[in-house]
Amino acid sequence: MRPVIVSTDVPHPPEQVYDFLDVMAHHERFTDHYLTGWRFSGPERGKGSRATVTAALGGTRTDVTIEVVEAEPPRRIVERNVSAAGRRVAHGTYTIEPLPAGGSRVSFTYGWVRAPLADRLASPVVRAAMRRANRTVMRRLAAELARHGSAAGA
């Protein structure tokens, strides 16, 4: 299945964006519209930080294990997602790029490594649902970064 890519521009420098995204617990704040029941393990941040969540998308609910498998400050974070009893494996990659006028472009790419037959057969619907959910993630991430930046500056 082709990956789904969404992005947003924020007024924060890449280092600040990366520092926020690097903490796994922060992800609950901007994804809890479809990822709930967050349970954390491993380190708080960086490679090896993990969460198990319940994903509710497209009328189905499934547990997903998310683990950071690559961390390249301040540019990139790669998460490995496993669900459907291991039949669904994907990578979620956050890429943070500086913008010429200041701020950053944050992109999130969700790419399937392995997907159940039902997902592959319904690929256009599955990809559309993921795109919608992750566009919302990007809007909410921008709002959380603004809130977090305000709190850090206070």
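Which residues does R29 touch, not counting residues up to four places away in sequence? I started my notebook with that one.

**Ground rules**

I'm looking at a predicted model, where local features need pLDDT of at least 70, side-chain atom pairs count only at pLDDT 80 or more, and totals for chains, interfaces and linings use all residues. Residues are numbered from 1 along each chain as its sequence is written, and side-chain values use heavy atoms, with hydrogens and water left out.

**Entry: R29**

I found that R29 touches F20, R140, E144 and H148, leaving aside residues up to four places away in sequence. Contact here means heavy atoms within 4.5 Å. R29 sits in helix α2; helices (H or I, at least four residues) and strands (E, at least two) are DSSP runs, numbered from the N terminus. I looked up its exposure too: R29 is partly exposed, at a relative accessible area of 36%. For that scale, buried means under 20% relative accessible area, exposed over 50%, and partly exposed in between (1.4 Å probe, protein chains only). I also checked R29 against A101: they are 72 residues apart in sequence and 28 Å apart in space, C-alpha to C-alpha.

**Entry: the F20 and F30 rings**

F20 came up as a contact of R29, and I followed it to an aromatic pair. The structure holds four aromatic pairs. One of them is F20 with F30, a tilted pair with 6.2 Å centre to centre and 35° between the planes. My note on the rule: rings of Phe, Tyr and Trp (its six-membered ring) pair if their centres lie within 6.5 Å, and planes under 30 degrees apart count as stacked, over 60 as edge-to-face and the rest as tilted. F20 lies in helix α1 (residues 14-21) and F30 in helix α2 (residues 27-31), so the pair ties together parts that are ten residues apart in sequence. F20 counts as buried at 1% relative accessibility, and F30 counts as buried at 0%.

**Entry: the nonpolar core**

Next I looked up the largest nonpolar core, which has 33 residues; L21, Y94, V106, M138 and L141 touch the most other members. Such a core is a set of buried Ala, Val, Leu, Ile, Met, Phe, Trp, Tyr and Cys residues joined through side-chain atoms within 4.5 Å. Elements giving two or more residues to this core include β1 (4-10), β2 (35-41), β6 (88-98) and β7 (104-114). Helix α4 gives the most to this core, with six residues. I picked L141 for a closer look: it touches F20, L21, F30 and V106, not counting residues up to four places away in sequence.

**Entry: the largest pocket**

How much space lies in the largest pocket? I get about 670 Å³. The method: on a 1 Å grid over the protein atoms alone, a pocket is an open set of points where a 1.4 Å probe fits, with protein on both sides within 12 Å along at least five of seven lines, and lining residues have an atom within 4 Å of a point. Grid points are joined across faces, edges and corners, and the volume is the space filled by probe spheres set on the points. Of the 32 lining residues, A55, L57, R88, Y110 and M130 are the closest to the centre of this pocket. Helix α4 (residues 123-153) gives the most to the lining, with six residues. I sorted the lining into 20 nonpolar, eight polar and four charged residues. Ala, Val, Leu, Ile, Met, Phe, Trp, Tyr, Cys and Pro count as nonpolar, Asp, Glu, Lys and Arg as charged, and the others, Gly among them, as polar.

**Entry: N81 and G58**

N81 is in strand β5 (residues 76-83) and is buried, with a relative accessible area of 7%. Among the residues N81 touches are R88 and Y110. G58, in the loop between β3 and β4, counts as exposed at 72% relative accessibility. G58 and M130 are 72 residues apart in sequence and 8.9 Å apart in space, C-alpha to C-alpha.

**Entry: backbone oddities**

Most residues other than glycine have a negative phi, and most peptide bonds are trans. I noted that the bond from P73 to P74 is cis, with omega near -10°. A84 has a positive phi of about 55°, and phi of A85 is near 55°. A84 counts as buried at 13% relative accessibility, whereas A85 counts as exposed at 80%.
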